[in-house]
Structure formats: C-alpha cells, structure tokens
Amino acid sequence: MEYLTSFGEVLFLIITVLIGVLFIEIYLYSHFKLYDKKFYFFIPLISIFIFYFILKAINLYSTKTMFFITLGEILFSYLCVYRIKGKNYLPYMLVIPSFIGLALLLVYPFVFEVYLSFHDLKLTTILPWKETGKIPFVGLKQYINVFVLPPLSETTFWQLLGRTFLWTFSNVFFHVLGGFILALILSEIKMFKGIYRTLLVIPWAMPQVVAVLSLRGEFHSQYGFVNIMIKKLISAFPFLEKLGVAPVNWLSDHPLLTCTLINIWLGIPFMMVVILGGLESISKSYYDAASIDGATYLQKLRYITLPLIKPVLLPAVTLGTIWTFNNINVIYLVTGQAGGTEKADILVSALYKAAFVYNRYSYSAAFAMVIFLILMIITFLYSKIIRVENT
Amino acid sequence: MKKSKIKSILLHLLLIIAVVITTYPLIRIFSVSIRPGDRIISTDLSIIPKGATFLSYIKLFKETYFIKWIFNSLIITLSTSLIGVILASSAAYSFSRYKFFGRKIGLYILLFTQMVPAGMLILPLYLMIMKLNLINTYLGMIIAYSVSSLPFSIWILKGYYDTIPRSLEEAAMVDGANEIYAFYKIILPLSTPALSIAFLFNFTMAWNEYLVARVILYNPKSYTWTLGLFELQGQFITQWGMFAAGSIIITIPVLLIFLYSSKWLVSGLTLGSVKG
C-alpha cells in the first residue's frame, strides 16, 4: 500500500511536469503564431492572469515577482511582434523548457545566494523569513565575518585555505603520478591487459558512498585492516618498532591524511584511463626512431611521451584540480558523523558544515561566494598556463 | 631475451599488487558481510570466515528499511533521469540544427553552469525547497536533482546530433514530414546510444548522490540508500555486518553495469567529436 501511494505520488509528479512543459509550449506557440492577429493584445493579458493564479496557488506571490513577470511578458510580446515575427520559432520552443528549468534551479539559486550573502539569515531569523520573506539587510558584514569569525568551531578561514591547497595539490599529484605509472606499465604488457584494466578501474566504478564508507571502516583504530596489517608487520619484523612504526588512531589523530589516502585510492583509475588513452594514440615510430639514435628509456619518456600526452593530460589535470577542490563527499563521509572531527575540513566541506551543522545561512552564503571567487581565480590561472604552454 | 622476460614478470607483479590494492576493500566488505553474528567485529583477515552465514543479509532486510531505501532511490533516480533526458534531447536538437538569436549565449550559459561548484548551490536549493514545504518528499529531491546534469547531457547529445547528416531530415521533409515529425521519427531512434549514455550519466549522478539527500530527507523511512548506509556505518560496532551486506547488494549490480557498458561508454563519449 505504502509503495502504491509512492508510485501515485511520482506518477502525479511526472504528469505535472508534462503538463507544465505542455503549458509552456502552448504559451510560446500562442505568442509566436498569433502575433499578427487583431486579438493578440489579449494573449499577454491572459498569460499574466494565469501566472498570477499559479503564483497564488503555490504560495509564492509577491508584488515584486508579479512586477518582474509583467515586465518579462511585455518584453517577450515586443520580441514576438517586432523581432521574431513568426519566423524560425521552433528552436525556441525546443530550448525554452530546459532553460526555464536551468533558470529556476541553477541560476536563481545562485542569485539567491548572492542576495543572502548581503542579508542576515540565521536560525533566529529563518521563521520570520519563511512567513514574511523578509530578512534584515547587513551589507558587507557577512563578507568581513568570513575572514574574522572562524567558519567552524575553531578552524579559521586561513587554516582552511591552506589545508585546501595542501589537499588539492597532494591528491592531484598522486593521482597523476599513480595513473601515469600504471598506464605506462599497462601500455608495456600484452598479456591479460583487458583483465588488469577492468580490475584496476573498480575504485572508479564503485558507488563512491560505499567505497568511502567501507575504507573508513578499514582505518578504524582497532578493527581496521590498516592497523591490523601494521601490527602484523611489527610482530614479523620487530626492528620496525624501533623505527617508530606503530598502529595509529587514523580517524581521530590524522583525519586529513586518512581522507587523502582514501581519495588517492579513488582518483587514480580515472587518471590511468585518461593517460592510457593518450599513450595508445602515440605512434610507435617515434620510439623506434629514438632507439636508433640511442636514446635511453628516460630520455624517450621525457622527450617523446610527456610532450605528446600533454594535450590529454592538461585538461584532465585541470578537471581533477577542480573536482578535488570541490570534493565534499570524501571528507564529509569520513568525518561527518555526529561528533566527528573538524581537523580534516577543507573550504567546501566547512561550507557544508557551516550551513547545515551550525545553521549560519547568510554567513555560509558569503563564504560560498568567497570560495567561488577563489575557484574562478584558479581556473583563470590554469587556462592562462595552458595557453602559454600551447604557444 | 632473458632480460625482457624478467622485465615482463616484474611488470606483471607490479600490476598484481595494484589489482590487490584496488580490489581488496571490496573483497573484505564481502567477507565481513558473511561473518557470523558473534564475530562481525574481529581482527580476522581471512576472506571466507569460519562459520560463514548470510545472516547479515537477512537481518538487513528484516530489521531495517533497506528495501524501502532502494525503492526510494529508484523512484527519485528514474524520475530525474527521465525528466533530464526528455528536456536535454529536445534542447540539444535545437542547438545542433538551428541558428537562432541567443544560441551562442545559451551555449555559454551551459558552460558557465558547469563552473559553479555543486556544493555551493545546496544551501539556496535547500532554502527554496523548505519554503515550498517540500522537505522530506520525493518531489523536493527530484526538484533538487533534475537539472544538475542537464547541461552535460545537452552537450553530449548536441555532439551526437552533429554527427548525423542533415540530409536524413531533408529527405524526410521532401516526403512530407514536418520538422517535429522528422526529429521524433528519424533523429531520436538513430541517437539511442547517446540517449542511453545521457540517461546512464543522469542515473549514476542521482543514484550516488549523498549531500543533498542528507539535508532534504530526515525520516528514516524516506531515506535513499546512501543515507541508509551512512546511518548503518555510523554505529560501527553494532551494525557493521548489515552495512557490509547492504554495500555488497548495492555495489555488485552497479559494477556489472559499469563493466558491461564501460567500453561502449568511453567510445560513446568520444563519438560526438568524430564526424561520422
């Protein structure tokens, strides 16, 4: 019975979406087709009324939104009558449903976040906001707070920033290094290549939540595989103990190292596949020519392989950097349990915790804008570097 | 000759070590899942433990809402991917076939949305969904997920449509079909591979999502499987066996689908860049 009602709910939802799309199409069609009729004047009016009723029905009505909708309607009618004139309207009818979706669920949240960052929405002001939609305006105060007040209980913004760079750099470095070595080995051998390749991409193919959570268990101080292995090694080779090798409280004492190890394990296969693709596209004749000239293996690697896989490697590294920088998943899954440590948090995971553990909504909106700016600068620098390398 | 043989053995050895590192966590999760109830927490390293049983699996189905979690995940994921693919297929067609005012700006907007970090938008989405009173509902989840992979799907499908020659539709139009009919009857059936890739991409994105679900769903009955497993894993000592069993049940189908489709997936992703 429970499942049936769920199905009903979803069926209802899908029908609603279809009706919504149909409504948008009818709306567009009536504007595009009837622009030169005498009664066209009524169509925008009727549309405004329908919008008004829809807004009232879903409880989002306010004079401001109504004003913008009227403005948009006037602009759209103007475009239909004086610009498009019934010509070539089909592409718009195909594109607009998607872009309405993107505008409502990607662009609007972004704008809303900018709006939030200049206001003061927190646990005490959220109920009034929900009822009246009003939040006190505070100007740039939240942005100053980001740098002055610690985003988490103790860790400051600058510590988080340093940790993020350390995290991003070490992860991307080991991803590329590990992926490169594995790809080189794979490109050398001929037997069982397909099997090795398949088994090596398992970390990438596994659902990330399962992979991270089970590895988190392996780092448990008493029952985790890592510490059991360390203990076994020590009992087999007693001299290791004198060198300072001992079981470690991974999760509570070295959470960032644990997260990094887990993420390296997760990220190597992707780089391996990308680099292997690059290696396989290099023509054998380059290496043969170099061998005739007496080049050593390292020389071939440095002067043939590296330059030739650069066009594959650079975009992959850029993407990898952005993904690692934005990786909340690994850190939150490892340290996000109630009472979890905050010693491993990087910028984005601190953002998530600031918003949903500490409920400082406006503060984290400003924090998000700062992080976005940092990411923009990194992307910009990367594209500069790639451009310089390419010329 | 001998030197190359040693080298090859050495390389195979290195690869085997790497394979052990990549597969061992999965094997160990499996061995935990079949441990008997009194020995779930132990420092035992054997793959098939003594007295192996499937008790953890039975307990998982009996004592938790595991089936409900899978059901919730399936419903949310299927609806979002369906909506995503329907919207993307038509928008991509328009970008691929027509020159219209705003086309370039539209494509730039698609690129820009890819640069906004997903973690940044969770807060405003959560507040919007809260304001619409959709917390803890399928609808809220589907709204939050539905467009997140839309730009990427549009790019993939546009790339694929670009490889289909225009003359096909022109021929259909000579025979009297209109543009919409030509799109549905000729282009869509031809692009099944690209459509399935877009669908699969949408599906995995929503299926493996955790962070949005964490803030929108709070009732254990309406959890998706990611939240459910996180809860089970949180209570390390008591429910480790059930967590392992759940992980295995989730992972095996996903791995099989991935391995089955991986070659095809990679070739499909590059299809768009090759003129056919």
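**Exercise 1. Locate Ser31(B) in chain B, and decide whether Ser31(B) is buried or exposed.**

Solution. Step 1: Ser31(B) belongs to helix 1 of chain B, residues 2-33; helices here are DSSP runs of H or I with at least four residues, strands are runs of E with at least two, and both are numbered from the N terminus. Step 2: the relative accessibility of Ser31(B) is 2%, so Ser31(B) counts as buried. The classes are buried under 20% relative accessible area, exposed over 50%, and partly exposed in between, with a 1.4 Å probe and protein chains only. Step 3: leaving aside residues up to four places away in sequence, Ser31(B) touches Ser46(B), Ile47(B) and Pro49(B), where contact means heavy atoms within 4.5 Å.

The model is predicted: local features need pLDDT of at least 70, side-chain atom pairs count only at pLDDT 80 or more, and totals for chains, interfaces and linings use all residues. Residues are numbered from 1 along each chain as its sequence is written, chains are lettered from A and ligands numbered from 1 in the order in which they are written, and side-chain values use heavy atoms, with hydrogens and water left out.

**Exercise 2. Characterise the environment of Val212(B).**

Solution. Step 1: Val212(B) sits in helix 11 of chain B, residues 211-216. Step 2: the relative accessible area of Val212(B) is 12%, so this residue is buried. Step 3: not counting residues up to four places away in sequence, its contacts are Ile122(B), Ala144(B) and Tyr145(B). Step 4: Val212(B) and Ile122(B) are 90 residues apart along the chain, yet their C-alpha atoms are separated by 6.4 Å.

**Exercise 3. Describe the fold content and overall dimensions of chain B.**

Solution. Step 1: chain B contains 13 helices and zero strands. Step 2: its radius of gyration is 24 Å, well over the 19 Å that the globule rule gives for 276 residues, so chain B is more spread out than a compact globule. The radius is taken over C-alpha atoms, and the rule is 2.2 Å times the number of residues to the power 0.38. Step 3: the C-alpha trace spans about 75 × 70 × 35 Å along its principal axes. Step 4: buried residues make up 54% of the 276 residues of chain B. Step 5: among contacts in chain B with a separation of 6 or more, 72% join residues 24 or more positions apart.

**Exercise 4. Carry out the corresponding analysis for chain A.**

Solution. Step 1: chain A has 19 helices and zero strands. Step 2: for 391 residues the globule rule gives 21 Å, and the radius of gyration of chain A, 28 Å, is well over that value, so chain A is more spread out than a compact globule. Step 3: the principal-axis spans of its C-alpha trace are about 90 × 60 × 55 Å. Step 4: 48% of the 391 residues in chain A are buried. Step 5: residues 24 or more positions apart provide 68% of the chain A contacts with a separation of 6 or more.

**Exercise 5. Place Val172(A) within chain A.**

Solution. Step 1: Val172(A) lies in helix 7 of chain A. Step 2: its relative accessibility is 9%, so Val172(A) counts as buried. Step 3: beyond residues up to four places away in sequence, Val172(A) touches Val317(A), Gly320(A), Thr321(A) and Thr324(A). Step 4: Met271(A) is 99 residues from Val172(A) in sequence, and the C-alpha to C-alpha distance is 9.4 Å.

**Exercise 6. Examine the positive phi values of Phe192(A) and Asn136(B).**

Solution. Step 1: most residues other than glycine have a negative phi. Step 2: phi of Phe192(A) is near 55°, and phi of Asn136(B) is near 65°. Step 3: Phe192(A) is in the loop between helix 7 (157-188) and helix 8 (193-200) of chain A. Asn136(B) is in the loop between helix 5 (118-131) and helix 6 (138-146) of chain B. Step 4: Phe192(A) has 48% relative accessibility and counts as partly exposed, whereas Asn136(B), at 17%, counts as buried.

**Exercise 7. Quantify the interface between chain A and chain B.**

Solution. Step 1: the contact takes 92 residues from chain A and 94 residues from chain B. Step 2: the two chains bury about 8400 Å² between them, with 81% of it on carbon and sulfur atoms. Buried area is the accessible area (1.4 Å probe) that two parts lose on being put together, summed over both. Step 3: Leu94(A), Leu105(A) and Tyr223(A) supply 8% of the area that chain A buries against chain B, more than any other three residues.
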